[in-house]
Amino acid sequence: MKLLKKVLEKDRSGFITLIAEEDEDMWHVYNLLQEGDNLKASTIRRVVSESATGSTDKTTVRVTLTIQVETVQFDTQAGMLRVNGRNVVENKHVKMGGYHTIELEKNKSFTISKPEWDIISLERIDEACNPINSAEIAAVVLEEGLASICLITSNMTIVRQKIELSIPRKRKGFTSNHDKSLVRFYELVYQGIIAHVDFNIIKVVILASPGFVRDQLYDHIFREAVRTENKVFIENKSKFIRVHCSSGRKHALQEVLQDPTVQNQLSDTKFSREVQTITRFYQMLGNDPSRAFYGYDHVAQAAERGAVEILMVTDGLFRYTYLVPFEEMLLTITFQRSKDLNERRKYIQLVEQVRAQGRETLIFSTLHVSGEQLSQLTGVAAILHFAMPDLEGESDEEVE
């Protein structure tokens, strides 16, 4: 993300002009936009004109519009962001109050105006504009006949391709069909890696599976790379690491990312810190539950008494929205925004309170497996630096 201009007043109102340069930037913008914000951007508008004879002509024109945001749609697979709202600045092609949907484009500037820029929004812009936070991890989670090729950034886990192929069972004396199907499956995965992994950006490629499937895939990849003289794969062979996991499905990524070999590779990343912390939280929930709490009421009481060591919050709580998946594997999602901003402010105040005490706060992305886990625990949890057994007796908040 590139920051072009930032003008903020003393009351925190103002505007910021940005350029989105990659797919992850669109995710950041999606999280920045709130209902009631103004968005100014270049867009395409279909215009109907009528001649003197009464005939009509439809044309498309490029215009710059300013709309007041009502709904936002984000497609992680295509990296597309669509923003719908009413026009609030007079334009000869769109009347005041007329509806329009802006599809934000990469490498074109846009401006977001807000009545209040809170600390969470400003920190997200700082994070998005920091080049250190770009994607550097690819992972292939697989079992016989099923594979997911994923790209992992500091804020998103994107399934770029899911591969499914029926593998016949081995039968005594008849293994050729099984073996041929496996070779075809490994070749499909290899071609998927070629299509979706850019070794100029990616520093690590994780191959994870139960049994020996990952080793067989690894052997196939480099056997084919040598046969076809694929120098890119041969030169980047050291970037591949093989890790055991219990399943070939996407949810096994959490298990994969806890592996010490992987953690060593990711030791300096924000995402690695999140994985380590949520793992520690679950361990403490089982072994020392008076120091691990989730749900707003419990965590807020602990913060009030200065007991929080690490606060964990999902970014979804700052959107305070409802997730409606259109198609699970494509990760195409739409959010309907709440008109009540009190919930967002409540969690912002909690973050600010814990930070004021000098404690650590982590904001988890709901597009990461660790963020999905935290969402199942109401989206907010805390590790305490001293035990508070009196909180345990109170009823837990309902897990959504």
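Here are three short exercises on the sheets of this predicted model.

**Exercise 1.** Take the open sheet of 5 strands and work out which strands stand at its edges.

*Solution.* Start with the strand order, which reads β10-β9-β8-β11-β12, with mixed pairing. Now look at the edges: β10 (157-164) and β12 (240-244) each have a single partner strand, so one side of each is left without a neighbour in the sheet. As for the twist, neighbouring strands here are turned by 20 degrees against each other on average, ignoring direction.

**Exercise 2.** Stay with this sheet and find how β9 and β10 pair, then which helix packs on the sheet.

*Solution.* First, a bit of background: strands of a sheet pair through backbone hydrogen bonds, either parallel or antiparallel. Strand β9 (residues 146-152) pairs with β10 in the antiparallel sense, over 7 bridges. To pin down one spot, go to Ile149, whose bridge partner in β10 is Gln161. Next comes the helix: α3 (residues 176-196) packs on the sheet and touches β8 (137-143), β9 and β10. The direction of α3 makes about 15 degrees with that of β9.

**Exercise 3.** Do the edge search again for the open sheet of 4 strands, then describe how β14 and β17 are joined.

*Solution.* The order this time is β13-β18-β14-β17, again with mixed pairing. β13 (292-294) and β17 (360-364) are the edge strands; each has a single partner strand, so one side of each lacks a neighbour in the sheet. From one strand to the next, the twist averages 15 degrees. Finally, β14 (residues 308-314) and β17 run parallel and are joined by 5 bridges. For a residue to look up, try Ile310: its bridge partner in β17 is Glu360.

Terms used: Residues numbered from 1 in each chain as written. Predicted model: local features only at pLDDT ≥ 70, side-chain atom pairs only at ≥ 80, totals over all residues. Heavy atoms only, no water. Pairing = 2+ DSSP bridges. Helix = DSSP H or I, 4+ residues; strand = E, 2+ residues; numbered from the N terminus. Axes fitted to C-alpha atoms, helices over the stretch in contact; angles between N-to-C directions. Contact = heavy atoms within 4.5 Å.
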